[in-house]
Amino acid sequence: MPEGHTVHRTAGQFRKHFQGQPVTVTSPQGRFTDASAISGTKLLKAEAWGKQLFLTFEPAVLRIHLGIYGKWGWSASHVEPKGQVRARFEATGQLADLRGPTACELLYFDEVGLLTAKLGPDPLRPDIDGAERSRFVERVSRSRVSVGQLLMDQSVLAGVGNVYRAELLFRAGINPYTPGATIPAELIGQVWDDAVQLMSIGVKRGIMLTREGHLKGQVKKDDRYYVYKREGLPCRECGKEISIAIMATRKLYWCGVCQR
DNA sequence: TACTCATGAGCAA
DNA sequence: TGCTCCTGAGTAG
């Protein structure tokens, strides 16, 4: 489930299980040909920025992006690789398998900086002075592009994907087709605050929860969302059918009554 | 068994 | 805008 919260969770697992010790890195599938360049060296740092994971090893930084198919598999004991494992990370008593990522590549020197410079603020990264929040509000406020597209643009907001996009806009009562520049700055700021809240829950729980009254405890799969994948079903607030459309190649869900 | 779909994004035209 | 990358889960038959 690769939206930003998953990646932050994974970074935490890497810190817990691998940071500070030498890690054996292999590519059972053979497609990650640079594995040998970092294998056996220490993992110094593991951090997430939006949907990207940066693993800093002594010789280079490994950048991983799951894309739409990518997945992690964890195990506390050695098991034979099953299926297409792009990269395998092993240290004492811990093993992580990476499958189907869009990106798994080594970066050297300032390549990381060049890459992160293109990314927008991440609601899951500490924003002590509120500068990141302001940066997001400003980017949206001066754009004529629809807010539905802006929330999916990783240079505007890093880490939000199709699920959080749909749910955040519903919770804010904003129609996804509204141009960014016509939305009051205060409301845009609220969307940021809401993203911080919801995605933090996502990191803690490992699942995306977005409904008031269903943010804690056990939540049934069918009860999780307001609009995402609920096209044709009655809106949980007003009863009108949830709409669906394609926006910039992705499915967009919203309620035409609650989101004006 | 075959087909469809997916929480992403870069690139060419 | 459309194509492509790439893997696995779910579903129809």
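This briefing walks through how a protein chain meets two DNA strands, B and C, in a predicted model, and then looks at a helix and a sheet. Local features need pLDDT of at least 70, side-chain atom pairs count only at pLDDT 80 or more, and totals for chains, interfaces and linings use all residues. Residues are numbered from 1 along each chain as its sequence is written, chains are lettered from A in the order in which they are written, and side-chain values use heavy atoms, with hydrogens and water left out.

**Around DNA strand B**

- The strand is surrounded by 19 residues, where near means that a residue has a heavy atom within 4 Å of the strand.
- Lys-51, Tyr-69, Met-208, Arg-250 and Lys-251 are the closest of them.
- Of the atoms of DNA strand B that come within 4 Å of the protein, 66% belong to sugar and phosphate.
- By class, this surface has 8 nonpolar, 6 polar and 5 charged residues; Ala, Val, Leu, Ile, Met, Phe, Trp, Tyr, Cys and Pro count as nonpolar, Asp, Glu, Lys and Arg as charged, and the others, Gly among them, as polar.
- Both α6 (162-172) and β10 (250-254) supply at least two residues each to the surface near DNA strand B; helices (H or I, at least four residues) and strands (E, at least two) are DSSP runs, numbered from the N terminus.
- A polar side-chain atom of Lys-51 sits 2.7 Å from a phosphate oxygen of DNA strand B, and a polar backbone atom of Asn-162 is 3.3 Å from a phosphate oxygen of that strand.

**Around DNA strand C**

- Here the surrounding residues are Gln-29, Arg-31, Tyr-69, Gln-84, Arg-86, Arg-99 and Gly-100.
- Sugar and phosphate make up 59% of the atoms of DNA strand C that come within 4 Å of the protein.
- Tyr-69 has a polar side-chain atom 2.7 Å from a base oxygen of DNA strand C.
- Side-chain N or O atoms of two arginines approach phosphate oxygens of DNA strand C: Arg-31 at 2.7 Å and Arg-99 at 3.3 Å.

**Within the protein**

- Helix α1 (residues 4-17) has 14 residues and reaches 20 Å from its first C-alpha to its last.
- Among the buried residues of α1 are His-5, Val-7 and Phe-14 (buried means under 20% relative accessible area, 1.4 Å probe, protein chains only).
- An open antiparallel sheet has 4 strands in the order β2-β3-β4-β8, with strands pairing if DSSP finds at least two bridges between them.
- Because β2 (43-49) and β8 (103-107) stand at the edges with a single partner strand each, one side of each is left without a neighbour in the sheet.
- Strands β3 (residues 52-57) and β4 (residues 61-65) are joined by 5 bridges, and Gln-52 has His-65 as its bridge partner in β4.

Key. A polar contact is a pair of N or O atoms within 3.5 Å; within protein, one must be able to donate a hydrogen and the other to accept it, and residues adjacent in sequence count only if both atoms are side-chain atoms. The expected span of a helix is 1.5 Å times one less than its number of residues. Buried means under 20% relative accessible area, exposed over 50%, partly exposed in between (1.4 Å probe, protein chains only).
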